[in-house]
Amino acid sequence: MASIHNIVFLCFLVIVSCEAQTSFRPKALLLPVTKDSSTLQYVASIHQRTPLVPVSLTLDLGGQFMWVNCYTDYVSSTYRPARCRSAQCSLAKSTSCVTECPGTPKPGCNNNTCALMPDNSVTRVATIGDLGSDVVTIQSTDGTNPGRVVSVPQFLYVCASALDGLASGVAGMAGLGRTKISMPSQFSAAFSFPRIFAICLSGSTNSPGVVFFGPGPYRFLLNTEASSNLIYTPLFINPVSTASAYTEGDASTEYFIGVKSIKINEKDVPINKTLLTINREGFGGTKISTVNPYTVLHTSIYKAILKAFGESLSAVPRVAPIAPFGLCFNSTSLGSTRVGPAVPQIDLVLQNSKVFWRIFGANSMVQVRDDVLCLGVVDGGVDVRTSIVIGGHQIEDNLLQFDLARSRLGFSSSLLFRQTTCANFNFTLNA
Ligand SMILES: *[C@@H]1O[C@H](CO)[C@@H](O)[C@H](O)[C@H]1NC(C)=O
Ligand SMILES: *[C@@H]1O[C@H](CO)[C@@H](O)[C@H](O)[C@H]1NC(C)=O
Ligand SMILES: *[C@@H]1O[C@H](CO)[C@@H](O)[C@H](O)[C@H]1NC(C)=O
Ligand SMILES: *[C@@H]1O[C@H](CO)[C@@H](O)[C@H](O)[C@H]1NC(C)=O
């Protein structure tokens, strides 16, 4: 009996170790993201090519795909152009084909390769670039620590060199938008996990925040599971592309939510409700952006919010506004709380009056000088395409989970309430 037990046990061990080597399937992946102090962009780093090199990319939440400058310093034995009319080109919805590129073949210049229009969404410059694939590696996670590195052999990306305006050292943009070749879609397909990803941006330029590909748990020190207690709201599709260049009929790949009204200190701010819905031409509505450092508002909404916010803080001495902001206070007269300066809360009211995204001082106010705090929203003008663009400062230390299959956003509100931050992921490797 004892010997049979031993044999069974041995086989069990052999099977487990074989599986671990050949078919490790991560449940989720992890990408550290650091805020760049001069551009205020959020920069992620992946590994790409053969041999592998680190590649820094500006995070673009609504971006269509990953694009990388492949024209300079690109050495790889595993680069493959996507041939016109291939399955890769149709997945990418490419409608154009580069039949002939003069010269010797190299990444970004091959005959018979399909092309797309990569967008530098910071400067709003679009170019044309070849679709290709190469090896990408990324760390897996159990939700608590980083785990082993996993690899996607043919990760699709577009070649572009429009790097002006991006943070120094960056070689492209990491598009997390709503397409079949965006980074979340490709990772979900490669490892068969649900089409879910989450971002948790850190406001610190020293301690990184994190993007998770795949479902939770997402644990932050000390033992906060940020995907529990999320509030959910539907994601909307803007039927007209918001990219700098696009093909007629393309929908926007950005993430829109349905803000129905805005409250400050629980009082309704009078705003023109027409601006809050997306019209047939694709104007209006509310989206979330990681390339805008601060929330950008249509002029009429901007004025209404500044007026209401100023009135509810009338006891605090104002100081002359400091650009790009329009409402600033002497911070020596403001108290502080666990969730930042003690200022009126701003509620973005969503599908009904019980569902709202509450913005506290840490996310509404920006410390511009030692004793000056400004309301961190900017005037986008009267011709803005999208009436409310929720920017980076307003989503820092909040966990936002995008569930693409269910087309909904889960948001945590400020993690500071739970005594943690987005910089508190434990990046120590699990032994
Ligand atoms: C494309 O094909 C043309 C004609 O066959 C050839 O002269 C050229 O070198 C090729 N270019 C690339 C990049 O392969
Ligand atoms: C509200 O906004 C819409 C869209 O910009 C505009 O056509 C309309 O005139 C505005 N209404 C008022 C009362 O300002
Ligand atoms: C803020 O108030 C303090 C105390 O009254 C004062 O000393 C300081 O100069 C003020 N700062 C500004 C920018 O007005
Ligand atoms: C971070 O993770 C490592 C590896 O699991 C663990 O040893 C360490 O105790 C963790 N740190 C904290 C503060 O929990």
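How far is an oxygen atom of ligand 2 from an N or O atom in the side chain of Asn272? In this predicted model, the two atoms are 2.3 Å apart. Taken alone, ligand 2 exposes 360 Å², and the protein buries 27% of that. The residues that surround ligand 2 are Asn272, Thr274 and Leu275, so Asn272 is part of this shell as well as a contact partner.

Let's move on to ligand 1. Around it you will find Glu100, Cys101, Gly103, Thr104, Pro105, Cys109 and Asn111. Sorted by class, this shell holds three nonpolar, three polar and one charged residues. Two contacts involve the backbone: a polar backbone atom of Cys101 is 2.9 Å from a nitrogen atom of ligand 1, and a backbone N or O atom of Gly103 is 3.1 Å from an oxygen atom of the ligand. From the side chain of Asn111, a polar atom lies 2.2 Å from an oxygen atom of ligand 1. On its own ligand 1 exposes 360 Å², of which the protein buries 54%.

Now for the protein itself. An unreviewed UniProt entry carries the annotation "domain: Peptidase A1" for residues 42-412. In the model, this span is 10% helix and 37% strand, and its end C-alpha atoms lie 20 Å apart.

One helix to look at is α3, residues 183-191. Seven of its nine residues are buried, so α3 is largely enclosed by the rest of the structure. The buried residues are Met183, Pro184, Ser185, Gln186, Phe187, Ser188 and Phe191. Follow the chain just past α3 and you reach Ser192, which takes a positive phi of about 50 degrees.

Strand β30, residues 372-375, makes a good last stop. Both of its faces are covered: Val372 and Cys374 are buried on one side, and Leu373 and Leu375 are buried on the other. What does β30 pair with? Strand β24, residues 328-330, runs antiparallel to β30 and is joined to it by three bridges; here Phe329 has Leu373 as its bridge partner. Strand β29, residues 365-369, also pairs with β30 in the antiparallel sense, over four bridges, and Val366 stands opposite Cys374. Two residues separate β29 from β30 in the hairpin that they form. Leu373 and Cys374 thus bring the two views of β30 together: both are buried, with Leu373 partnered by Phe329 and Cys374 standing opposite Val366.

Technical notes: Residues numbered from 1 in each chain as written. Chains lettered and ligands numbered in written order. Predicted model: local features only at pLDDT ≥ 70, side-chain atom pairs only at ≥ 80, totals over all residues. Heavy atoms only, no water. Near = heavy atom within 4 Å. Polar contact = N/O pair within 3.5 Å; in protein donor to acceptor, adjacent residues only side chain to side chain. Areas by Shrake-Rupley, 256 points an atom, 1.4 Å probe, with all protein chains shown as cover. UniProt positions renumbered as here; feature names shortened; annotations may be inferred. Buried < 20%, exposed > 50% of the residue type's maximum accessible area, 1.4 Å probe, protein only. Nonpolar A, V, L, I, M, F, W, Y, C, P; charged D, E, K, R; others polar. Pairing = 2+ DSSP bridges.
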